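Biologist: Please take one part of this model, the side-chain contacts and the helices that carry them, and go through it closely.

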Amino acid sequence: MQTKILNSQFSILNLTTWVLLVVVGAFMAVLDTTVVDIIVPRLKGPLSTDMYGVQWVITAYMIAAAVGLLLVEWMIKKFGNKWIYITAVGVFTVASFLCGISNSLSFIIVARVIQGFAEALIMVTAQAMLFGFFPPEKRGIAMGIFALGVAFAPAIGPTLGGYLTEWFSWRAVFFVNVPIGIVLVIFGSLLLPDRDERKDEKLNFISVAFLTVATVALLILLSKGQQYGWFNSSLIVYLAFATFFGTLFFIMSEYYSKESLFDYTLFKNPNYSLGILIYFVLLGFSMYQYFYLIPMFYEHIKGLSSIQTGLGVLGFGIWIGVFSMIAGALSDKFSPVPVLIVGAVIYLYSSFVLFPTLNYYTPFYEAVLKTMPFGIAMGLFFAPITVLVMNNSNGKIEQGIMTMDYVRFIGGSFGTAIATNNLVYYSNKEFDGMVSIQNHHIVSDFVSALESYFGKAGIEIFRMLESFMSANYGYKYVWLDAGFWGFVGSLFVFALLFVKKRKVKGTI
């Protein structure tokens, strides 16, 4: 009896160690994506560039991560999850150090490309290993733990980024990864189990090449479209053609090839298909918009500092972590479907009732309270949707994760582009509306008075005030548009109610 107890304690200790090593690595990778968002405006001086130039620091990372996702399943089959994970953490750590010592835009972009590629490998292998550590009846808890780390990282990213930048330097944002990465590589090599069978499978490089072209072109198009005026720019037109023909040739390659990049038979399972669609639309098109818009609202509309903005984001982010664990446990006890439905209802209430009321006049504490249900809804989303997809991936765990993460990148890029475009569109619309109802005599007298006191600066002050108020009032419709995509994504959630239950396959 005593031996059994000791073995049980040893197993729990091992499991805790494995989970910690995996979750911390994923947390570090995701944290870096959100921490960097805070420092981007501060890079213009040190890197001798403008705002459009430093945006490549983010765009290059996203492109490299998306491409890495196309190769990760083949790499795992060849070398195993453990060693791809450890290697990726090591590469990510070196790339973080290179970002920290960068003195030019080109240097940091190359370092961010390496970092983004490594992040894709970390995320897939970490999730696959964590899923394999737990028995089938505890996989909801496993994904709850993963979501606790991964979903919580974007919430504390702005706070940590603001703190490190304000008290140290923007370089500290990258250097902080180095000691963590070294510890993970050393202890991960020694302690993580290596359970994967090696398979010397062929990779369809033609499909990878065509999809890479399409993906890179699409991501650049979406991230730079607003800057270049969308299809008024010849560059954007060329990128659209590259996206179209890259996708077309990819489809042809997949159709005629014996080794396809994706397993399309999995989409015959409605649970799998709906899960991917929910991930693509609800997370990518809608939730990513809110993640993009909320910090901008606090910083540009409320006029808060980086640290205050981070605290505002933390106000809903902490609930993501709390409810991720709850959602994971409920998914194990009942099913992912009812948890997702409750989350969708809370999400829709938050999107259409609470968010549209947020504006410049909303007190900070009230804004934090009104975003809390959004955090709860997101917490109820991550673990159940991941369990749903992976339990219906017919044992092909890495394939399911790769597909989810790929559509997350593409959907998130669409969501960010939509939010950016809507901010400009609705701000301009509100500006035109304000001008149309103004009493021109009163406005002219007021502007003349400002000019007499402040000179030409008075006219500029009035224009800035009009622009600010138009952005403030335009936010209402930007919130609602993000909610519309949430409604579309929620339709796929409710469609799960009409799918017959299937036996879970592919236990590890």
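Modeller: The answer starts with the ring pairs, then takes the charged pairs, a surface patch and one enclosed helix.

This is a predicted model, in which local features need pLDDT of at least 70 and side-chain atom pairs count only at pLDDT 80 or more, while totals for chains, interfaces and linings use all residues. Residues are numbered from 1 along each chain as its sequence is written, and side-chain values use heavy atoms, with hydrogens and water left out.

Rings of Phe, Tyr and Trp (its six-membered ring) are paired if their centres lie within 6.5 Å, and the pair is called stacked with planes under 30 degrees apart, edge-to-face over 60 and tilted for the rest. That rule gives 37 aromatic pairs. In one of them, Phe250 and Phe262 meet edge-to-face, with 6.3 Å between centres and 90 degrees between planes. Phe250 belongs to helix 10 (residues 234-256), whereas Phe262, 12 residues apart from it, sits in the loop between helix 10 and helix 11 (270-301). Helices here are DSSP runs of H or I with at least four residues, and strands are runs of E with at least two, numbered from the N terminus. Phe250 and Phe262 are both buried, where buried means under 20% relative accessible area, exposed over 50% and partly exposed in between (1.4 Å probe, protein chains only).

Another edge-to-face pair is Phe355 with Phe374, at 5.5 Å centre to centre and 85 degrees between the planes. Phe355 is in the loop between helix 13 (336-354) and helix 14 (364-391) and Phe374 is in helix 14, so this pair ties together parts 19 residues apart in sequence. Each of these rings is buried: Phe355 is, and so is Phe374. Ring pairs also place Phe355 and Phe374 in a cluster with Tyr290, Phe291, Phe297, Tyr298, Phe316, Tyr347, Phe364, Tyr475 and Trp479.

Tyr347 of that cluster is among the buried residues of helix 13, which also include Pro336, Leu340, Gly343, Leu348 and Leu354. Helix 13 has 19 residues and spans 26 Å from first to last C-alpha, close to the expected 27 Å; the expected span is 1.5 Å times one less than the number of residues.

Helix 14, which carries Phe374, also carries a charged pair. Lys370 and Glu366 are joined side chain to side chain by a salt bridge, 2.9 Å from N to O. A salt bridge is counted when a side-chain nitrogen of Lys or Arg is within 4 Å of a carboxyl oxygen of Asp or Glu. The two residues are 4 apart in helix 14, about one helical turn. Lys370 counts as buried at 18% relative accessibility, and Glu366 as partly exposed at 26%.

The structure has 4 salt bridges. Another is between Glu73 and Lys77, at 3.5 Å from N to O. Both residues are in helix 2 (residues 51-79), 4 apart, which is about one turn. Glu73 is buried at 9% relative accessibility, and Lys77 is partly exposed at 25%. In helix 15 (residues 397-437), Arg408 and Asp405 lie 3 residues apart, again about one turn. Their salt bridge has its closest N and O atoms 3.5 Å apart. Arg408 is buried at 13%, and Asp405 is buried at 3%.

A charge also meets a ring. Lys302 sits over the face of Tyr360, 6.0 Å from the ring centre; the rule asks for NZ of Lys or CZ of Arg within 6 Å of the centre and within 35 degrees of the ring normal.

On the surface, Phe241, Phe244, Phe245, Leu248, Phe249, Met252, Tyr255 and Tyr256 make up a nonpolar patch with about 920 Å² of accessible area together. Patch residues have over 30% relative accessible area and no salt bridge, with like charges joined within 9 Å and nonpolar side chains (Val, Leu, Ile, Met, Phe, Trp, Tyr) within 5 Å. Areas are from the Shrake-Rupley method with a 1.4 Å probe, and for residues only the protein chains shown count as cover. Tyr256 of the patch lies in helix 10 and is exposed, at 66% relative accessible area.

Helix 5 (residues 139-150) has 12 residues and reaches 16 Å, close to the 16 Å expected. As 10 of its 12 residues are buried, helix 5 is largely enclosed by the rest of the structure. Among the buried ones are Arg139, Met143, Gly144, Phe146 and Val150. Gly144 has 0% relative accessibility. Its C-alpha is 9.4 Å from that of Thr386, although Gly144 and Thr386 are 242 residues apart in sequence.
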